[in-house]
Amino acid sequence: MKRFFAFSIMCCILATMCCVSMLNFVVPTSADGIDITSKSACLVDYASGQILFEKDSKQHLPVASMVKMMTILLTLEELDAGNLTLDTMVTTSENASGMGGSQVFIDPYVEYSVDDLLKSVVMASANDASVALAEHISGSEKAFVGKMNARAAELGMEDTNYSNCTGLPAPEQYSCAYDSALLLKEVVGHEVYHKYSTIWMDELVHPSGRKTGLVNTNRLIRYYDGCDGGKTGSTNEAGCCLSASAKRKDMRLISVIVGAKNSQTRFNECSGLFNYGFANFENRHLVDCTQKYANLLVSKGKLETVPVFPKECFSVVVRKGDASEYKVCDELPEKLKAPIKAGEEVGKIIISKDGNVVKEISLATQIDLEKLSFKDCIDRIAANW
């Protein structure tokens with residue numbers, strides 16, 4: 001009986017050890033030698049959006065000044081829409097100039113260019129410049145926060161709620177590592193952003209002639225090979241946070257750390273995630289939406305042939321040395337029959353792996369295909385004759 005009891009205990013211990021071993025296999029904080037001590041982390045491939053590593057990446061947490069990435073994004077989109085230019089002058093308010101925390105000490109009731117304010121937010125994480133931009137774009141910070149939350153919903157940031165445009169502590173404000181990666185992924189797609197994100201040191205010259213020195217809060221842009229953007233954040237509530245982007249060859253990664261115990265830890269762990277990603281994975285670009293996919297014959301159209309393009313690009317990320325094959329095939333008609341509107345689906349690309357469809361991408365023309373008129377028929381016959 002005693003032997004049976006001892007044997008049962010031993011089985012339980014072995015079962016427990018197996019469970020622990022399995023947990024260590026599936027929980028990414030201990031995979032491949034990565035040890036993340038911060039509360040939350042996420043590593044995302046830019047091209048495919050695939051998560052390469054995560055630790056509690058959807059946990060609701062304060063992210064401090066990483067909130068400003070949405071302020072930056074909305075400002076960049078206002079520039080794209082033509083509602084702002086970098087030379088647009090913004091009249092500052094007493095409310096904006098009175099913001100605490102990190103700031104560039106803007107003066108109230110004077111004009112600063114969008115260029116200077118945006119640079120101050122991207123480089124120096126300036127709360128006062130953030131509020132000045134928000135008030136100019138939407139009339140008030142409160143109205144701007146409404147736009148922030150609406151844009152977050154559009155981007156699929158399901159675990160984010162904004163209460164201000166700065167990241168200063170607020171009870172109802174939270175985000176997560178994964179949403180922060182989605183947001184930075186959108187920001188780094190804007191070329192003008194890199195005009196500021198890659199500057200290490202600069203200065204802001206105020207209208208009075210007074211100068212404020214600017215130092216990029218993201219030290220990785222100087223010390224990590226390939227890093228060209230990101231956003232830091234730090235409060236007692238949030239701890240130390242960092243969302244950063246780095247590119248080597250044709251691969252770009254987004255690395256996010258939330259709730260590190262100190263500033264050096266966030267930089268070390270963010271760099272460690274980059275090292276892990278670049279060392280172990282590679283991109284395979286399967287569909288390029290900027291390149292013509294095929295030329296198709298046109299029946300009864302003013303054009304005899306027309307190029308068709310994929311409506312979106314598609315890449316996958318795989319472990320280096322992975323011999324898995326992705327197959328790319330298509331469904332296209334022999335001829336297109338005019339008329340056809342630009343952007344109308346005329347076929348599709350089908351991407352599969354191991355016999356399973358992983359993606360379908362529409363093919364479309366980029367121009368209107370007009371129907372051949374009677375006069376066009378006569379002219380064509382005459383030309384051929």
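## Helix packing, cores and selected residues

Leaving out residues up to four places away in sequence, I351 touches L286, V287, F314, Y326, K327, V328, N356, V357, V358, K359 and I361, where contact means heavy atoms within 4.5 Å. This is a predicted model, in which local features need pLDDT of at least 70 and side-chain atom pairs count only at pLDDT 80 or more, while totals for chains, interfaces and linings use all residues. Residues are numbered from 1 along each chain as its sequence is written, and side-chain values use heavy atoms, with hydrogens and water left out.

I351 sits in strand β16 (residues 345–353). Helices (H or I, at least four residues) and strands (E, at least two) are DSSP runs, numbered from the N terminus. With 0% relative accessibility, I351 counts as buried; the term buried means under 20% relative accessible area, exposed means over 50%, and partly exposed lies in between (1.4 Å probe, protein chains only). One of the residues it touches is L286; the C-alpha atoms of I351 and L286 are separated by 8.4 Å, although the two are 65 residues apart along the chain.

**Nonpolar cores**

The largest nonpolar core has 61 residues, and those with the most contacts inside it are M70, M148, Y162 and L183. A nonpolar core is a set of buried Ala, Val, Leu, Ile, Met, Phe, Trp, Tyr and Cys residues joined through side-chain atoms within 4.5 Å. At least two residues of this core come from each of β1 (40–45), α2 (68–80), α4, α5, α6 (141–154), α7 (177–187), α8 (193–197) and β9 (251–260). A second, separate core has 27 residues, among them A41, A244, L253 and A260.

L183 is in contact with M66, M69, M70, L73, L155, M157 and Y162, not counting residues up to four places away in sequence.

**Helix α7**

Nine of the 11 residues of α7 are buried, so this helix is largely enclosed by the rest of the structure. The buried residues are A177, Y178, D179, S180, A181, L182, L183, L184 and V187. E186 is also found in α7, but at 30% relative accessibility E186 counts as partly exposed. Apart from neighbours within four places in sequence, E186 is in contact with L73, R151 and L155. The C-alpha atoms of E186 and L73 are 7.5 Å apart, with the two positions 113 residues apart along the chain.

**Packing of α4 against α5 and α2**

Helix α4 (residues 114–124) and helix α5 (residues 127–138) have axes that come within 8 Å and cross at roughly 135°. Axes are lines fitted to C-alpha atoms, for helices over the stretch in contact, and angles run from 0 to 180 degrees between N-to-C directions. The two helices are therefore oblique to each other; angles under 35 degrees count as roughly parallel, over 145 as roughly antiparallel, 65 to 115 as roughly perpendicular and the rest as oblique. The crossing of α4 and α5 is left-handed, a term used if the near helix is turned anticlockwise from the far one by less than a right angle, with right-handed if clockwise. V114, L117, L118, S120 and V121 of α4 make the contact with A129, S130, A132 and L133 of α5. By class, this contact has seven nonpolar, two polar and no charged residues. Here Ala, Val, Leu, Ile, Met, Phe, Trp, Tyr, Cys and Pro count as nonpolar, Asp, Glu, Lys and Arg as charged, and the others, Gly among them, as polar.

The axes of α2 and α4 come within 10 Å and cross at roughly 150°. That makes α2 roughly antiparallel to α4. This crossing of α2 and α4 is left-handed. K68, I72, T75, L76 and L79 in α2 meet V114, L118, V121 and V122 in α4. By class, the contact of α2 with α4 has seven nonpolar, one polar and one charged residues.

**Backbone details**

Two residues other than glycine with a positive phi are listed below.

| Residue | Phi | Place | Relative accessible area |
|---|---|---|---|
| D56 | near 45° | loop between β2 (51–55) and α2 | 45%, partly exposed |
| A64 | near 55° | loop between β2 and α2 | 3%, buried |

The peptide bond from A338 to P339 is cis, with omega near 5°. P339 lies in the loop between β15 (335–337) and β16.
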